Amino acid sequence: MMAIQTYFAIKDLGERKILFLVLLFSLLFSQILSKTPASDKPNVLMIMIDDLNDCIEGMSGHRQSISPHIKKLADSGVFFKQAYTNAPMCGPSRASLFTGIYPHHSRNFFQAPWFKNEVLNNSRTIMEQFKDAGYGVYGTGKIMHHNQEHLWTEFENPADYGPSPFNGKERVPHPDVPAPFFDIGWVDGSLGPFVNLEGRKDQAGKALLWTTGNGNNIPYKEMRYRNDEDRDPTPDEVNANWAANMIRNFSKNKSDQAFFLAVGFLRPHTPLLAPQKYFDRFPLDEIELATIKEGDSDDTHLNVAYKGDVFTLRFGREMHEAISKAYGGREMGLKKWTQAYLACVAAVDDNVGTVMDALNNSPLKENTIVILASDHGFHMGEKAYLYKNSLWEESTRIPLIMRVPNMTKAGSRIEQSISLIDVYPTLIELCNLPNETKKNSKGHALDGRSLLPLLKNPKTTSWKNKPALTVVYAGPEYLNDPAKQHYALRSNRYRYILYNNGQEELYDHKKDPFEWANIAHKKKKRRKLFRQEIQAYFKENKLGALENLQLP
């Protein structure tokens with residue numbers, strides 16, 4: 001109003017014309033701004049799947065896998081065929097992914113709460129970076145291993161590993177699982193289809209019922225199951241429906257605020273329990289095992305790499321032995337495991353479908369970046385091992401899919417070796433966020449590198465990076481010493497492993513895709529180059545000296 005009054009107060013015609021043009025330009029510019037809401041920023045949908053290895057369609061991990069919804073997403077975007085975790089254990093992997101900091105830089109090697117780590121607590125997570133940029137930040141399920149609700153605008157459900165049988169006092173394994181696999185416990189020693197537990201009792205004669213929750217931050221709650229048509233939803237299904245409803249609400253309300261929406265699914269993390277219909281898709285007598293070579297572990301060094309009671313490194317062998325004994329031999333034990341794992345993958349695939357259908361059937365599809373990832377892989381009996389937390393391909397390779405509107409070409413496949421550390425800087429560039437993530441001098445800068453050149457051109461040769469680096473926790477006596485952990489490097493062709501006792505493994509994936517032949521003793525020059533690369537990480541970051549190892 002004041003500007004208009006000023007206009008009429010001016011006597012000079014020339015000055016009036018100039019002011020008129022200024023007012024007109026200001027009016028047009030304000031109209032443009034009013035028609036350019038914050039929602040023109042790209043939205044982000046991030047789907048995290050726990051313990052998912054290459055047993056999905058499109059990764060050739062298991063030819064019997066059924067995962068059409070994940071395949072459909074991969075076919076609509078970019079599929080990274082050689083993507084790797086930076087720590088093959090839930091806690092440190094997710095902490096590294098969502099802070100963009102290598103475990104050896106943060107010294108967050110195992111399952112201790114990430115927010116109690118000085119480096120990570122003084123660095124902004126992906127969620128904080130989006131929130132500070134004005135995004136609505138929403139989540140549900142297992143995202144970080146230890147969630148902090150203040151990171152989110154709204155967080156719905158904590159991570160729930162249920163349902164599990166409950167005897168009135170504690171959770172127990174599936175009642176049909178025999179010992180000694182049953183003795184491992186309700187998480188890792190439990191697999192099978194949901195069954196009607198009416199009248200069923202545990203080994204001590206206590207009545208059983210299905211429950212979700214954990215009795216701590218999530219109260220125990222009965223999950224009704226009579227059959228697949230008469231039951232309550234699983235926690236994963238609850239989270240899938242919540243995320244789908246959020247997407248529909250975003251679309252309906254047409255908010256000017258862009259969103260970062262993360263949904264975390266538990267399966268196929270143990271316990272490997274799912275509705276009967278998913279087990280029916282994989283008849284036990286038709287199950288094919290992973291490609292396993294007898295004596296494949298003979299030229300490896302995992303056995304000498306762990307000492308005493310280092311649970312994370314011996315447990316994979318113990319699980320393999322226990323399931324073999326429980327089911328009368330390795331073949332039947334691994335068939336039981338493989339059937340349950342594939343059933344859980346099929347179940348989580350349907351939950352991915354629930355979320356993606358909601359997005360694909362909304363106008364938000366055209367402005368929403370989609371990322372699907374797993375925190376690490378899982379062995380299916382290869383190298384007489386049945387777990388995660390090894391440095392071999394089965395435990396470290398993960399599915400990673402990205403779909404970026406107006407950028408990625410449907411059906412693209414990328415063979416370049418990359419890792420989860422590259423996701424955070426990629427999101428920063430895609431969404432034009434600040435690249436400073438340190439809260440103060442105690443934090444650490446982003447370690448990864450943006451994948452944007454590969455997303456734009458999957459065949460580009462200009463994107464070059466160091467080999468993907470993975471670290472495995474070596475035990476509590478080495479908790480704060482990066483130089484005493486175990487490390488692996490994965491280049492496009494080779495995998496190199498250096499254990500903290502100086503033992504080495506080297507595999508040529510061009511000639512040996514299953515890592516059957518450790519050629520470290522043959523390729524001395526090649527292994528030396530990889531060892532020097534790991535040593536360079538430490539020298540560059542003043543983390544200690546690998547020279548203390550008795551290297552051969």
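# A tour from strand β3 outward

Select Thr140: Val263 in β11 stands opposite this residue. The model is predicted; local features need pLDDT of at least 70, side-chain atom pairs count only at pLDDT 80 or more, and totals for chains, interfaces and linings use all residues. Numbering starts from 1 along each chain as its sequence is written, and side-chain values use heavy atoms, with hydrogens and water left out.

**Stop 1: strand β3**

Widen the selection to residues 136-141, strand β3. Strands here are DSSP runs of E with at least two residues; helices are runs of H or I with at least four; both are numbered from the N terminus. Six of the six residues of β3 are buried, so the strand is largely enclosed by the rest of the structure. Buried means under 20% relative accessible area, exposed over 50%, and partly exposed in between (1.4 Å probe, protein chains only).

Now add β11, residues 259-265. It pairs with β3 in the parallel sense over six bridges. Pairing requires at least two bridges found by DSSP between the two strands. Then add β4, residues 154-155, which runs parallel to β3 and is joined to it by two bridges. Gly139 stands opposite Phe155 in β4.

**Stop 2: helix α4 and Asp375**

Select residues 90-99 for helix α4. How many of its residues are buried? Ten of ten, and the helix is mostly covered. Among them are Cys90, Ser93, Arg94 and Phe98. Show the surroundings next. The buried residues of α4 pack against β1 (43-49), α5 (103-106), α6 (118-121), α7 (126-132) and α14 (423-430). Just after the helix, Gly100 takes a positive phi of about 70 degrees.

From Arg94, go to Asp375. The two side chains make a polar contact at 2.9 Å. A polar contact is a pair of N or O atoms within 3.5 Å; within protein, one must be able to donate a hydrogen and the other to accept it, and residues adjacent in sequence count only if both atoms are side-chain atoms. Asp375 is found in the loop between β13 (368-374) and α13 (393-396). Is Asp375 buried or exposed? It counts as buried because its relative accessibility is 0%.

Display what touches Asp375. Leaving aside neighbours within four places in sequence, its contacts (heavy atoms within 4.5 Å) include Met48, Asp50, Asp51, Thr85, Cys90, Ser93, Ile398 and Leu420.

**Stop 3: helices α8 and α12**

Select α8 (residues 235-253) and α12 (residues 330-360). Their axes come within 8 Å and cross at roughly 10 degrees. Axes are lines fitted to C-alpha atoms, for helices over the stretch in contact, and angles run from 0 to 180 degrees between N-to-C directions. α8 and α12 are therefore roughly parallel to each other. Angles under 35 degrees earn that label; over 145 is roughly antiparallel, 65 to 115 roughly perpendicular, and the rest oblique.

Colour the contact residues. On α8 they include Asp236, Ala240, Ala244, Ile247 and Arg248. On α12 they include Val348, Asn351, Val355 and Leu359. The contact divides into eight nonpolar, three polar and three charged residues. Nonpolar covers Ala, Val, Leu, Ile, Met, Phe, Trp, Tyr, Cys and Pro; charged covers Asp, Glu, Lys and Arg; the others, Gly among them, are polar.

Stay on α12 and pick Thr338. This residue is buried, with a relative accessible area of 1%. Its side chain reaches the backbone oxygen of Leu334 at 2.7 Å. Setting aside neighbours within four places in sequence, Thr338 is in contact with His62, Ile287, Glu288, Leu289 and Met380.

**Stop 4: two antiparallel sheets**

Start with the open sheet of three strands, ordered β5-β7-β8, with antiparallel pairing. β5 (164-166) and β8 (221-222) stand at the edges, each with a single partner strand, so one side of each is left without a neighbour in the sheet. Two bridges join β7 (residues 209-212) to β8. Zoom in on Thr212: its bridge partner in β8 is Lys221.

Move to the open sheet of four strands, in the order β17-β18-β19-β20, again antiparallel. The edge strands are β17 (468-472) and β20 (504-508). The twist averages 15 degrees from one strand to the next. Inside, four bridges join β18 (486-490) to β19 (494-498). Arg490 stands opposite Arg495 in β19.

**Last stop: zoom out**

Show the whole protein: 16 helices and 20 strands. Of its 552 residues, 57% are buried. Among contacts with a separation of 6 or more, 70% link residues 24 or more positions apart.
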